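Subject: Structure handover

Hi,

Here is the structure I promised you. Please open it and keep it beside this email while you read.

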Amino acid sequence: MGTDPTIRSMDCFCFAFHSALLLFFGRQAFAQIRYSIPEEVKEGTVVGNVAKDLGLEVTSLFDRRFRVVSGSKETFFEVNQDNGALYVQKKIDREELCHGSGACLMELKVLVENPLEMHYVMVEITDVNDHSPSFPQKEQRFEIGEQTLPGRRFQLHTARDPDAGINTIRTYTLTSNEHFEIDIRQSDEDKIPFLVLKKSLDREQKDKHTLLVTAVDGGKPQRSGKLNVSIVVLDSNDNRPVFSQEIYQIAVKENVPVGTSVFKMNATDPDEGTNSEIEYSLGETLKKKVYDIFELDKLTGEIRVKGILDYEENDVYKLDVEASDKGTPPLTGECRVIIKIIDVNDNPPEIEVTSLSNTVSEDSKPGTVISLLSVTDKDSGVNGKILSSITSDVPFELKPSYKENIYSVVTKGFLDREEVSHYGITIKATDCGEPPLSTYKTLSIQISDVNDNSPHFQQNPLQFYLVENNVAGASIFSVSATDNDVNDNAAISYRIARGNDVTSFLNINSETGQISALKSFDFETVKTFQFQVVATDSGTPSLSSNVTVNVFILDQNDNAPVILYPLSSNGSAEGVEEIPRNVNAGHLISKVRAYDADIGYNGWLLFSLQEVTDHSLFGLDRYTGQIRTLRSFTETDEAEHKLLILVKDNGNVSLSATATVIVKVVEPKEAFAASDVKSAAKDEEGNDVTFYLMITLGSVSVLFLISIIVLIAMQCSKSTDYTSKYLQETNYDGTLCHSIQYRSGDKRYMLVGPRMSIGSTIVPGSHANTLVLPDRRRPSGEVRA
């Protein structure tokens, strides 16, 4: 083998370099030479003359122990010490020595001594096309269904060629046929063959195909390897099940029970045997809800209801149904079943309150909105049509909005909390389904108070009767008003109206209305008075009302009778009466006159004889005070008689006075003379008595007349039936006696002067000395207090 000139020039360069190194370092020197030799050359083949290329003397090679030092167990090269040539000592197989397609290099160390020198020799083993491509198996078998579409690829066994470079596999070839072709895919350094179906197979025409695949390398001459390929055509299930329709539409009521069969699928397959046996299934891409609602019998194709249908949740279901035969491979036919759910009126309307004012002021105007609400029904069509109304009798109404089933609850009249403070508004929503379903909802509305009611007195005017001689500072009576409002609007304070002159002797508690007298009253001084009390609430603004209070002072028996006649010049109640002895029985001797400032029973005077010399001779009228003879005088009767007369009133604790009348019995002539003398004295005395009597009667009459006028005015203001009259006594004989009778409602009242009608009665009670007369107009004659 010759040496490459390039290598030779490089060797010269290396030699000169190693010479320089030897001079610089001492005795060691290095040089490197590169050779190239094909694999598989015979043993003894000379690679190159190392000694010559290194510039060594051939004659000194032996002495300098010229040799190759190998680092491996096997020695493929050796040098000839006689001529310095490097030769092949053992046959070289590149594929065993170097794997892969890269350069295969062997580095040799050439050593000479005296002086010691080491040189590196690089030998490249070049490839020789000494291997044919080979497949891992001699045959390869495929089973391909006749339904396989053209373009389907089947991977063939990949051939292997240990040679490198151009000597490795170059291509694959396939015997000529109409159904297959070969395609090669490059992967790194390998070429992978694929069998490609270019025309559909038909098992009925040819059930088996035999092909020959050849792997060819790029060497010269070319080498190749073969692979027998057998194609078995499988019978294809080439008829798929067919449904009569691509889309089925059915309708089901939403209230059908679970387990109900709603439809039965029917698909046909013209194949025979197992290829025509059909199984049904639901598509795998349906919503999960579908599988919960429906189930499909895989053998009969019957669709049954599995879960609860609800139109309001879903009104249509779309089922993809697959019919698969049992062929190999199985074929599938598809169709869609659309199940429409028919609405049933199974949902009552729903009332949703979106806004509510729980409290409404009583002064709200009609049309005030208190609540907004919406009404919905999950049903559809007529079943979802809703009629709404308020069923309770309340001053509210439903007003529809511009949007359907949206309502506002508004006031339709004026509110009055004092009449109704709380309303329960019941709203009814009814759909138009058959049968109709209804829903009720009650709104609780509280009416808030407005200060629209003034304090109210149950009675106006008020009448109070107060017994005279009351304790100063004590409570005498109270007034009370009510207010239909609540809270502060009903908190009432009391005061005596301005302009009333009673504040000097009356005081009122502003919180309780309790009235106290600051002084003690005397009936004989004040019999009646009037004032106004103002009741004011605490609202904003506050409201008030007045009540007129009429106070009547009731008499107590605090005045003793006063003797008006007989009355002596020194003021003592003594008198002397002279009568003829020849007077007959019943002769009026004298009359005791008395007056009591009290009224009623307290002023009703009774007369009685306390002391008398002869009880058979004189008599005293207990009511009139008249002293009369009971019989005629006799010769044996004394000429002078002393009568002690007791005058007492009819009070609970009677008060009394006494008068002394001395009766002198004279002869008729003396009596006439004495009578002329007395008559002048009596006339003068009588004039004085008459004057005082007139003043007294006038004063009492005026006072009672005022009382009557006040009572009449009060009763007229109350529209009550009353009458007023003086009780006349036909036998009035000089004793001060007066009374006033009036009616209020079903009661008859009488104020009596010193003398009272015998038919009158006293009714016990709060009015003390007020007398109540029996109403003789009543058939029963009962007396009511």
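Below are notes on one sheet, one loop residue and some aromatic rings.

First, the ground rules. This is a predicted model, in which local features need pLDDT of at least 70 and side-chain atom pairs count only at pLDDT 80 or more, while totals for chains, interfaces and linings use all residues. Residues are numbered from 1 along each chain as its sequence is written, and side-chain values use heavy atoms, with hydrogens and water left out.

**The sheet**

Strands are DSSP runs (E, at least two residues), numbered from the N terminus. Two of them pair if DSSP finds at least two bridges between them. Four strands make an open sheet with mixed pairing, in the order E42-E49-E48-E45. Its edge strands are E42 (574–580) and E45, each pairing on one side only.

Go through it pair by pair:

- E45 (residues 606–611) and E48 (residues 640–648) are antiparallel, with five bridges. Leu606 has Lys648 in E48 as its bridge partner.
- E48 and E49 (residues 656–666) are antiparallel too, with nine bridges. Here Leu643 is matched with Val661 of E49 as its bridge partner.
- E42 and E49 run parallel, joined by seven bridges. Ile579 has Val665 in E49 as its bridge partner.

**A loop residue**

Thr634 sits in the loop between strand E47 (626–629) and E48. Is Thr634 buried or exposed? Neither: Thr634 counts as partly exposed because its relative accessibility is 33%. The cut-offs are under 20% relative accessible area for buried and over 50% for exposed, with partly exposed in between (1.4 Å probe, protein chains only). Thr634 and Asn582 are 52 residues apart in sequence, and their C-alpha atoms are 8.6 Å apart.

**The aromatic rings**

Rings of Phe, Tyr and Trp (its six-membered ring) pair if their centres lie within 6.5 Å; planes under 30 degrees apart are stacked, over 60 edge-to-face, and the rest tilted. The count is 14 aromatic pairs. One of them, Phe294 with Tyr317, is edge-to-face, at 5.3 Å centre to centre and 75 degrees between the planes. Phe294 is buried at 2%. Tyr317 is buried at 3%. Phe505 and Phe521 are edge-to-face as well, at 5.6 Å and 85 degrees. Both Phe505 and Phe521 are buried. They form one aromatic cluster with Phe529 and Phe531.

Last, Lys519 lies over the face of Phe505, 5.0 Å from the ring centre. For this, NZ of Lys or CZ of Arg must be within 6 Å of the ring centre and within 35 degrees of the ring normal.

Best wishes
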